[in-house]
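The following paragraphs lead through a single protein model, from its strands to its core and its side-chain pairs. Please keep the sequence and the coordinates at hand while reading.

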Amino acid sequence: MGLDMYLCEIVRTENHTAKPEVMYWRKSNAIHAYIIDTHADGVDECQVIPLKGKDLRNLGRLCQVVADCHDDRVSDRVLPTKGGFFFGSTHYDQHYYEDVKNTAMMIEAILKDADNPNMDEVSFEYQASW
């Protein structure tokens, strides 16, 4: 058991909608808290949370700032950890900084879609379970 987090892209064609998973985290409670607080009005009920590419870009920028600074005081202000049942550590440790750095890198890769100049408006869905 634990905090499992999924990000899927919404891919629509004329006759079908697919939701391929593009990112997965485990016990990245700071990322989860940011998404819940920023895009779900603080409501955390394992619901599907719609996001746009621009929302991911903002999260990626925050993650990059934290990864570059690697300073616990900055981390606590920009992407604070959040405790919860099976949410993992709330320390600003190696695991935290690896998650933040990997999130920044993955978001950058996801949003580098040369075939879609409107990447900021592409739809995604975030959902967590525990």
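D4 is buried, with a relative accessible area of 15%, a value that lies under the 20% limit for burial. In this predicted model, the side chain of D4 meets that of R26 in a salt bridge, with 2.9 Å from N to O. The two residues belong to distant parts of the chain: D4 lies in strand 1 and R26 in strand 4, 22 residues apart. Unlike D4, which is buried, R26 is partly exposed, its relative accessible area being 35%.

The strand that holds D4 is mostly covered, since five of the six residues of strand 1 are buried. Strand 1 is joined to strand 4 by five bridges, and the two run antiparallel. Strand 1 also pairs with strand 6, again in the antiparallel sense, over six bridges. L7 takes part in both pairings: its bridge partner in strand 4 is M23, and in strand 6 it stands opposite Y126.

Which residues have the most contacts inside the largest nonpolar core? They are L7, I31, L59, L79, Y96, F124 and Y126, in a core of 33 residues. Strand 1, strand 4, strand 5 and strand 6 each supply at least two residues of this core, as do helix 1, helix 2 and helix 4. Helix 4 provides the largest share, seven residues. Both L7 and Y126, which face each other across the pairing of strand 1 with strand 6, are thus named among the residues with the most contacts in the core.

Y96, another of these residues, can be followed through its surroundings. Leaving aside neighbours within four places in sequence, Y96 is in contact with A30, V66, S75, L79, T81 and H91. One of these partners, L79, is itself listed among the residues with the most contacts inside the core. Another, A30, is a buried residue of helix 1.

Helix 1 spans residues 29-39, and because eight of its 11 residues are buried, the helix is largely enclosed by the rest of the structure. The buried residues are N29, A30, I31, H32, A33, Y34, I35 and I36. What do the buried residues of helix 1 pack against? Their partners include strand 1 (4-9), strand 4 (21-26), strand 5 (49-52) and strand 6 (123-129), together with helix 2 (53-69) and helix 4 (94-111). After helix 1 comes D41, whose phi is positive, near 50°.

Attention now returns to the charged side chains. The structure holds four salt bridges, and the pair of R26 and D4 is one of them. A further one joins K19 and E125, at 3.3 Å from N to O. It links distant parts of the chain, with K19 in the loop between strand 3 (17-18) and strand 4, and E125 in strand 6, 106 residues apart. K19 counts as partly exposed at 46% relative accessibility, and E125 likewise counts as partly exposed, at 22%. The side chains of D71 and R73 also meet in a salt bridge, at 3.2 Å from N to O. Here D71 is partly exposed, with a relative accessible area of 22%, whereas R73 counts as exposed at 61%.

Aromatic side chains form five pairs in the whole structure. In one of them, F87 and W130 adopt an edge-to-face arrangement, 5.4 Å centre to centre and with 70° between the planes. This pair too links distant parts of the chain: F87 lies in the loop between helix 3 (72-78) and helix 4, and W130 in the segment after strand 6, 43 residues apart. F87 is buried, with a relative accessible area of 4%, while W130 is partly exposed at 33%. Elsewhere, ring pairs link Y92, Y96 and Y97 into a cluster; Y96 was met above as a residue with many contacts in the core, being among those with the most.

How many disulfides does a search of the whole structure find? The search finds zero. C8 is in no disulfide, and the nearest cysteine sulfur, that of C46, is 14 Å away. C8 is buried, with a relative accessible area of 17%. C63 is likewise in no disulfide, the nearest cysteine sulfur being that of C69, 13 Å away. C63 counts as buried, at 0% relative accessibility.

Terms used. Residues are numbered from 1 along each chain as its sequence is written. This is a predicted model: local features need pLDDT of at least 70, side-chain atom pairs count only at pLDDT 80 or more; totals for chains, interfaces and linings use all residues. Side-chain values use heavy atoms; hydrogens and water are left out. Buried means under 20% relative accessible area, exposed over 50%, partly exposed in between (1.4 Å probe, protein chains only). Helices (H or I, at least four residues) and strands (E, at least two) are DSSP runs, numbered from the N terminus. Contact means heavy atoms within 4.5 Å. A nonpolar core is a set of buried Ala, Val, Leu, Ile, Met, Phe, Trp, Tyr and Cys residues joined through side-chain atoms within 4.5 Å. Two strands pair if DSSP finds at least two bridges between them. A disulfide is a pair of cysteine sulfur atoms within 2.5 Å. Rings of Phe, Tyr and Trp (its six-membered ring) pair if their centres lie within 6.5 Å; planes under 30 degrees apart count as stacked, over 60 as edge-to-face and the rest as tilted.
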